[in-house]
Amino acid sequence: MDVPVIFERSRPGRRGVRFDPRNDVPPFDPASKIPPELLRTTPLGLPEVAENDVVRHYTALSHLNYGVDSGFYPLGSCTMKYNPKVNDWAASLPGFADVHPLQPEYTVQGLLELMYGLEEGLKELSGMDAVSLQPAAGAHGELTGILMIRAYLADRGEKRTTILVPDSAHGTNPASAAMAGYQVKVVPSNSRGGVDVDALRGLVNGQTAGLMLTNPNTLGLFEEDILEIADVVHQAGGLLYYDGANANAVMGRVRPGDMGFDVVHLNLHKTFSTPHGGGGPGSGPVGVKSPLIPYLPYPRLTRDDQGFRWNDSRGRSIGKVRSFYGNVGVLVRAYAYLRSQGAQGLKEVSETAVLNANYLLKRLTPDYHTPYARTVKHEFVLSLTEQKRRGGKALDVAKRIIDYGFYPPTVYFPLVVDEALMVEPTETESKETLDRFVDAMHAINQEIDRDAEMLHTAPHHTVVRRFDEAAAARRPVLTWAQLKGGSGVS
Ligand SMILES: *Cc1c(COP(=O)(O)O)cnc(C)c1O
């Protein structure tokens, strides 16, 4: 299990490929072309390994990893569902994968048509009047959206200073508002896990630029008072921002545009066939109601008799938020997903996501407590206060679940729940998988009383055991040289 790093496999002179020694291409002499001050004086320090070494090395590493292809991944708020492999195939088609963003528009009409169609699909799904595919992540979409709200208000001669954010919000919401130059005011939740509307009334005023809301929220609960909330904010002259990072509970059922939202973002790399996480490419399209269309990032994709083209006039746009076409592979997957599911399929996706979450919640609640006894949407949050009192914190339970072959749920988020464990089964898991998860959680609950110490040192069956999480974040060791040099944690 102790896999050496690739540098330790290196042997001087060992090669992965061999060229015919009779090769008649004269060797390249860098000194003849590159000014001496730009030539390196020390060797590059690359590992010298055979092809077998490389293939076996990375295959071995891949076995140490846990992914959605290895097993159940119930990570709340960051959907890691199975994403159809056929959409990977579509994204790798040469017409999408091998084109260059600087090619003339007339040579990439197929790709532009796909992007146009994706904008149309997301418009329909979100109930908005226009969509831009430019932002490259959810948080990026939030920043784009808030900058549009600011530009819109500024054009009306309004200098509002504050964005309201519920205490259950994802951390990117207040961060995005602050980056856009706003003060953030926190709206408390009520005992049912929704926005406290009376408290909201007390907080809105002439300084309120808008409210950022996630619905269903991060507790997995639908805002029952959404229409009233929208009224309160609109009457004060503010706008409503919808955080649609996880749309798999509402797709095809209910639309943010109909709930009163003015700006939305969606995460293609959660809901629409690209997994979130791992630092991979993402896409966070934004949608707006018509008064905000002029402020969308430019260039805008347009269609006329000649076909599809980019309209480069800036107008009142907030500007570009990303270069070129964005992460095209993610866009292709999302388009293929929308078209292959169809309206009925998307509706079934959200129904199944909600069914799975409620099934799991019902089966877990004999052992574990949930602070909100309500029907949930795509996810739910348990509070392990009682388990903690018996000796097993949320973190211990999450670490122990790894030994049972599952990825741990999200812990300690949202902040409004003590010892929070946030579970999202997603729509693509079978009843058998959910039942195995329940069995494991049940067994762990009993282990707390039998051997709490064993939980404190879990996981026991993994290559890497329990991290010193603070040191790992503050003094990360990211290179082999660092590790050999002994700096930081090992
Ligand atoms: C994931 C998520 C975000 C942020 O999306 P990124 O692509 O990670 O920036 C925002 N809000 C909620 C509710 C999320 O789950």
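Which polar backbone atom is 2.8 Å from an oxygen atom of the ligand? In this predicted model, one such atom belongs to Ala-139.

## Polar contacts of the ligand

A polar backbone atom of Gly-138 also lies 2.8 Å from an oxygen atom of the ligand. A side chain takes part as well: a polar atom of the Asn-267 side chain is 3.1 Å from a ligand oxygen. The protein buries 91% of the 380 Å² that the ligand exposes when taken alone.

## The shell around the ligand

The ligand is surrounded by 15 residues, and those that come nearest are Ser-77, Gly-138, Asp-243, His-269 and Lys-270. By class, the shell has nine polar residues, three charged residues and three nonpolar residues.

Two elements, α6 (138-155) and α11 (268-271), each give two or more residues to this shell. The element that gives the most is α6, with three residues.

## Domains and their contact

The protein chain is divided into three parts: domain 1 covers 6-51, domain 2 covers 86-341 and domain 3 covers 346-472. The centres of domain 2 and domain 3, taken over C-alpha atoms, are 30 Å apart. Their contact involves 29 residues of domain 2 and 23 residues of domain 3.

Between domain 2 and domain 3, about 2,100 Å² of area is buried. Carbon and sulfur atoms give 61% of that buried area.

Definitions and conventions: Residues numbered from 1 in each chain as written. Predicted model: local features only at pLDDT ≥ 70, side-chain atom pairs only at ≥ 80, totals over all residues. Heavy atoms only, no water. Near = heavy atom within 4 Å. Polar contact = N/O pair within 3.5 Å; in protein donor to acceptor, adjacent residues only side chain to side chain. Areas by Shrake-Rupley, 256 points an atom, 1.4 Å probe, with all protein chains shown as cover. Helix = DSSP H or I, 4+ residues; strand = E, 2+ residues; numbered from the N terminus. Nonpolar A, V, L, I, M, F, W, Y, C, P; charged D, E, K, R; others polar. Domains from an automatic or database assignment. Contact = heavy atoms within 4.5 Å. Buried area = accessible area lost by both parts, 1.4 Å probe.
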